[in-house]
Amino acid sequence: MLCDKIEIALGDLLMTSSYTYSEELNEIFESFYNRIEHPYLKKYIEEPSLDKDQGVILFSMMKEKQLSSSYINKCVITAYLVQAALDTHEKVSADQQTEDSHKKKRQLRVLAGDYYSSLYYFILSKINDLPMIRALACSIKEINEAKMSVYQNKKLDYYKCAEQMATIDSSVVQHVAGVLNLQDWKKAAKEFFLLKRLLTERTMLMREGKKGPLALILASESYAAGRSDQYVDDLFIARIETVKDRIYGMCAEGTTLQSIICSRVDELLEEVRYEKQCVAEEG
């Protein structure tokens with residue numbers, strides 16, 4: 001439909017507008033994929049996807065500290081490799097697969113995660129930056145603990161779950177910000193990635209009826225109180241607004257933090273508003 005095409009075009013525009021920040025950043029994204037290129041892996045499993053917002057924020061923080069381009073390049077790629085290793089290992093199914101093709105794919109995912117891990121250890125050894133090495137090691141530990149808390153603890157309420165999900169999505173950025181002594185970026189990044197998580201889960205629920213960890217909790221709390229599906233969506237919107245307001249309150253006027261994070265928040269919310277308009281028009 002025309003509305004679908006316009007939505008896709010607008011989405012592409014919004015997604016790329018923040019990323020024209022510099023050609024240097026685009027080169028980092030390209031360099032990441034060049035480093036993980038492996039013909040055999042590519043034949044059987046999908047490449048890890050980049051959260052470009054993570055790269056933009058890491059890049060912007062380091063630019064604010066006037067670090068060298070070479071150092072920034074290595075650090076951002078290393079952070080992406082850490083995330084790729086964690087995400088790839090998470091996709092490994094715990095179920096015993098009987099078909100040889102499934103077994104091979106599962107085994108290759110394990111090997112791919114190990115391969116990405118070896119790459120980030122290699123790059124870190126070249127940087128020879130002990131505080132950054134410790135920060136990323138702490139981040140890996142923190143993310144794994146948060147994942148276990150979310151997926152094994154059935155008694156989490158919304159606020160505890162939101163805290164853990166924010167940790168999973170933002171720990172790498174937070175720890176790098178800590179090394180750079182950028183506490184304002186650290187706090188804002190945590191809220192920003194929580195906002196993205198809320199928007200993603202709400203969209204997934206609306207489009208496909210699938211529930212992520214936060215949606216499951218909001219739905220269970222709502223249904224227990226005899227509320228409808230619409231009430232679940234209302235809860236999502238209320239929590240999105242709360243996080244958005246916190247982010248705006250953290251970003252001082254005229255700062256790089258405001259120009260990067262607040263501008264991206266505006267884009268994400270505009271995408272959601274446009275999607276809602278398309279749905280209404282088609283209905």
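Setting aside neighbours within four places in sequence, Arg239 touches Tyr158, Tyr159, Leu198 and Leu218. This arginine sits in helix α11, which spans residues 229–250. Its relative accessibility is 17%, so Arg239 counts as buried, the cut-off being under 20%. Keep in mind that we're looking at a predicted model here.

Arg264 is another buried arginine, with a relative accessibility of 3%. You'll find Arg264 in helix α12, residues 256–282. Its side chain makes a polar contact with the side chain of Glu267, at 3.1 Å. Then there's Phe192: 72 residues separate Phe192 from Arg264 in sequence, while their C-alpha atoms are 9.1 Å apart in space.

Now for the helix packing, where α7 turns up in two pairings. Here they are side by side.

| Helix pair | Angle | Axes | Contact residues by class |
|---|---|---|---|
| α7 and α8 | about 170 degrees | 9 Å apart | 13 nonpolar, 6 polar, 2 charged |
| α5 and α7 | roughly 25 degrees | within 12 Å | 9 nonpolar, 2 polar, 3 charged |

Let's take α8 to start with. Helix α7 covers residues 130–152 and α8 covers residues 158–179, and they pack at an angle of about 170 degrees. Angles over 145 degrees count as roughly antiparallel, so that is the label for α7 and α8. On the α7 side, the contact includes Pro131, Met132, Ala135, Leu136, Cys138 and Ser139, and further along Glu142, Ile143, Ala146, Lys147, Ser149 and Val150. What they meet on α8 is Gln164, Met165, Thr167, Ile168, Ser171, Val172, His175, Val176 and Val179. Sorted by class, the residues of this contact come out as 13 nonpolar, 6 polar and 2 charged.

What about α5? This helix runs over residues 69–90, and its axis crosses that of α7 at roughly 25 degrees. With the limit for roughly parallel set at under 35 degrees, α5 and α7 therefore count as roughly parallel. The crossing of α5 past α7 is right-handed. From α5, the contact uses Tyr71, Cys75, Thr78, Val82, Leu86, Asp87 and Glu90. Helix α7 brings Met132, Leu136, Ile140, Ile143, Asn144, Lys147 and Tyr151 to the contact. By class, that makes 9 nonpolar, 2 polar and 3 charged residues.

Some α7 residues appear in both contacts: Met132, Leu136, Ile143 and Lys147 are among those meeting α8, and they're also among those meeting α5.

How values were computed
Residues numbered from 1 in each chain as written. Predicted model: local features only at pLDDT ≥ 70, side-chain atom pairs only at ≥ 80, totals over all residues. Heavy atoms only, no water. Axes fitted to C-alpha atoms, helices over the stretch in contact; angles between N-to-C directions. Helix = DSSP H or I, 4+ residues; strand = E, 2+ residues; numbered from the N terminus. Parallel < 35°, antiparallel > 145°, perpendicular 65-115°, else oblique. Contact = heavy atoms within 4.5 Å. Nonpolar A, V, L, I, M, F, W, Y, C, P; charged D, E, K, R; others polar. Buried < 20%, exposed > 50% of the residue type's maximum accessible area, 1.4 Å probe, protein only. Polar contact = N/O pair within 3.5 Å; in protein donor to acceptor, adjacent residues only side chain to side chain. Left-handed = near helix turned anticlockwise from the far one by under 90°.
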